[in-house]
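Visitor: I am new to this structure and would rather understand one part of it well than hurry past everything. Could you choose a place to begin, look at it closely, and then lead me from there into its surroundings?

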Amino acid sequence: MSSTEPPEARIVAAVPPARPVRVGAGEKLRTTSLPGLTLNVRTRPPAVSGLPPAVFLHGLGGCSQNWSVLMEQLADRLDIEAPDLPGFGDSPPPDDGDYSIAGHARAVIRHLDASGRAPVHLAGNSMGGTIAIRVAAVRPDLVRSLTLVSPALPERRPQRTAVPTGLLAIPGATRLFSRATRDWDAERRTRELLALTYGDPRQVSQEDFALAVEEYERRLALPYFWDALARSARGLIDTYALGGQHAMWRQAERVLAPTLLVYGMRDQLVSFRMARRASATFRDSRLLTLLDAGHVAMMEYPGAVARSMRELLDDVDGRPVGVRDGQEAQEAQEVRDGRDSRKIRGVPVPGTDGSGAARG
């Protein structure tokens with residue numbers, strides 16, 4: 001059977017969350033229902049009408065809130081949707097119980113086909129990056145450009161810090177972990193998660209930390225939380241064993257869309273070593289490296305990521321009248337003020353935000 005074929009259907013009870021997810025200022029949530037699939041979709045009304053459409057995909061254990069800050073920073077350039085993938089955020093499990101990368105990709109493709117918004121500027125972080133690569137490879141007609149933040153592509157020698165996350169794919173591992181950590185409250189769980197995913201967790205404000213704890217508490221109350229996490233982790237690890245045309249690096253070679261690659265040098269889950277191979281694999285790629293970023297650069301240094309995405313959009317869609325000129329004026333003012341606009345000009349200069357970004 002092809003890896004793109006759905007597995008045998010399995011009945012899964014779609015239990016609604018104990019309480020709704022947080023909606024930030026200026027954001028909206030909507031529910032889109034397709035046969036066997038319900039997705040919660042986060043949007044931010046664009047600054048003007050007629051902007052090109054975009055879809056952002058979160059990573060393993062994440063949700064659409066991971067993109068909130070970047071969505072706000074790009075509201076003048078893109079009409080953005082960020083869905084909660086099946087079983088995550090406020091989206092219930094898929095009826096067929098398929099949490100494979102192919103299954104998640106099919107859910108995204110079905111959503112794009114039903115919305116009529118494609119082709120879109122597609123972005124993905126970690127597992128969401130893997131899903132985005134598959135979508136771009138099998139349905140190039142749906143993707144205008146691709147932005148990948150620490151995409152979870154197979155590594156020959158994974159970092160030791162990434163091994164515990166990979167072990168979640170082992171049947172029964174999440175049950176053992178939940179028992180071993182049953183005395184952990186949501187605050188400790190959140191601190192452990194931030195220590196793993198952020199280059200410097202100290203930059204998270206107390207307000208944002210409190211909101212993250214609240215979201216973790218909400219997720220733990222979901223009866224399918226551990227099942228969705230384990231099965232998605234298993235689906236991700238399974239892609240590493242795929243060969244032939246279905247191998248993820250072969251899929252990356254097939255991507256036609258202009259691609260922005262974003263890697264953090266403090267990433268404990270996806271090795272920075274993969275940046276060189278990814279740059280050589282994608283046909284039309286650009287590389288942004290963030291010296292102090294971890295695994296979720298779009299949350300840690302959204303300004304640097306947004307600026308590089310604007311450059312990608314300029315290349316793909318053409319320079320919009322007035323928008324880029326205003327951006328250049330802002331960056332010039334930052335230079336006069338002694339701030340950090342130099343950090344995306346090709347020289348690793350630690351700025352006030354600590355990112356020390358470099359373009360390659």
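**From one buried threonine outward**

Guide: Let us begin with T259, which is buried because its relative accessible area is 0%, while the cut-off for counting as buried is under 20%. What you are looking at is a predicted model, and within it T259 has its place in strand β7, which covers residues 259-264. If we leave aside the residues up to four places away in sequence, T259 touches L146, L148, F282, D284, S285 and R286. As background to this list of partners, 73% of the contacts in the chain between residues at least 6 apart in sequence join residues that are at least 24 apart. The chain has 360 residues, of which 53% count as buried, and it is built with 13 helices and nine strands.

One of the partners of T259, namely F282, leads us onward, for F282 stands with L122, I131 and V135 as the residues that touch the most other members of the largest nonpolar core, a group of 39 residues. Helix α3 gives the most to this core, contributing seven residues. Another core lies apart from it, made up of 37 residues that include A186, V204, V213 and A306; we shall come back to two of these names later.

For now, stay with I131, whose contacts, again without residues up to four places away in sequence, are with L57, L85, I101, H104, A105 and V108. Of these, H104 deserves a pause: this histidine lies in helix α2, which spans residues 101-115, and it counts as buried because its relative accessibility is 1%. Beyond residues up to four places away in sequence, H104 touches L85, P86, F88, Y99, M127, I131 and S232, and L85 therefore appears among the contacts of both I131 and H104, the cut-off for a contact being heavy atoms within 4.5 Å.

The pairing of H104 with I131 belongs to a wider meeting of two helices. The axes of α2 and α3 come within 9 Å and cross at roughly 65°, and the crossing is right-handed. From α2 the contact draws on I101, A102, H104, A105, V108, I109 and L112, and from α3 on M127, T130, I131, R134, V135 and V138. Sorted by character, the residues of this contact are 10 nonpolar, two polar and one charged.

Between the end of one of these helices and the start of the other, the chain has two details of backbone geometry to look at. The peptide bond that runs from A118 to P119 is cis, with omega near 5°, and P119 lies in the loop between α2 and β5, a strand of residues 120-125. S126, in turn, is placed in the loop between β5 and α3, the helix of residues 127-138. Its phi is positive, about 55°, although S126 is not a glycine, and because its relative accessibility is 10%, S126 counts as buried.

A second serine can be set beside it. S150 is found in the loop between β6 (143-149) and α4 (163-167), and its phi, near 50°, is likewise a positive value in a residue other than glycine. S150 is buried, since its relative accessible area is 1%.

Now we can return to the other core. A186, named there along with V213, also takes part in the contact between helices α6 and α7, in which A186, E187, R189, T190, R191, L193 and L194 of α6 meet F209, A212, V213, Y216, E217 and L220 of α7. The residues of this contact divide into eight nonpolar, one polar and four charged. Helix α6 (residues 186-197) and helix α7 (residues 206-220) pack with their axes 9 Å apart, at an angle of about 110°, and the two are therefore roughly perpendicular to each other. Their crossing is right-handed.

As a last stop, consider a residue that is not buried. R30 has its place in strand β1, residues 28-34, and counts as partly exposed because its relative accessible area is 34%. With residues up to four places away in sequence left out, R30 touches L39, N40, V41, T43, E81 and H111. In the case of T43, which is 13 residues away along the chain, the C-alpha atom is separated from that of R30 by 8.0 Å.

Key: Residues are numbered from 1 along each chain as its sequence is written. This is a predicted model: local features need pLDDT of at least 70, side-chain atom pairs count only at pLDDT 80 or more; totals for chains, interfaces and linings use all residues. Side-chain values use heavy atoms; hydrogens and water are left out. Helices (H or I, at least four residues) and strands (E, at least two) are DSSP runs, numbered from the N terminus. Buried means under 20% relative accessible area, exposed over 50%, partly exposed in between (1.4 Å probe, protein chains only). A nonpolar core is a set of buried Ala, Val, Leu, Ile, Met, Phe, Trp, Tyr and Cys residues joined through side-chain atoms within 4.5 Å. Axes are lines fitted to C-alpha atoms, for helices over the stretch in contact, and angles run from 0 to 180 degrees between N-to-C directions. Angles under 35 degrees count as roughly parallel, over 145 as roughly antiparallel, 65 to 115 as roughly perpendicular and the rest as oblique. A crossing is left-handed if the near helix is turned anticlockwise from the far one by less than a right angle, and right-handed if clockwise. Ala, Val, Leu, Ile, Met, Phe, Trp, Tyr, Cys and Pro count as nonpolar, Asp, Glu, Lys and Arg as charged, and the others, Gly among them, as polar.
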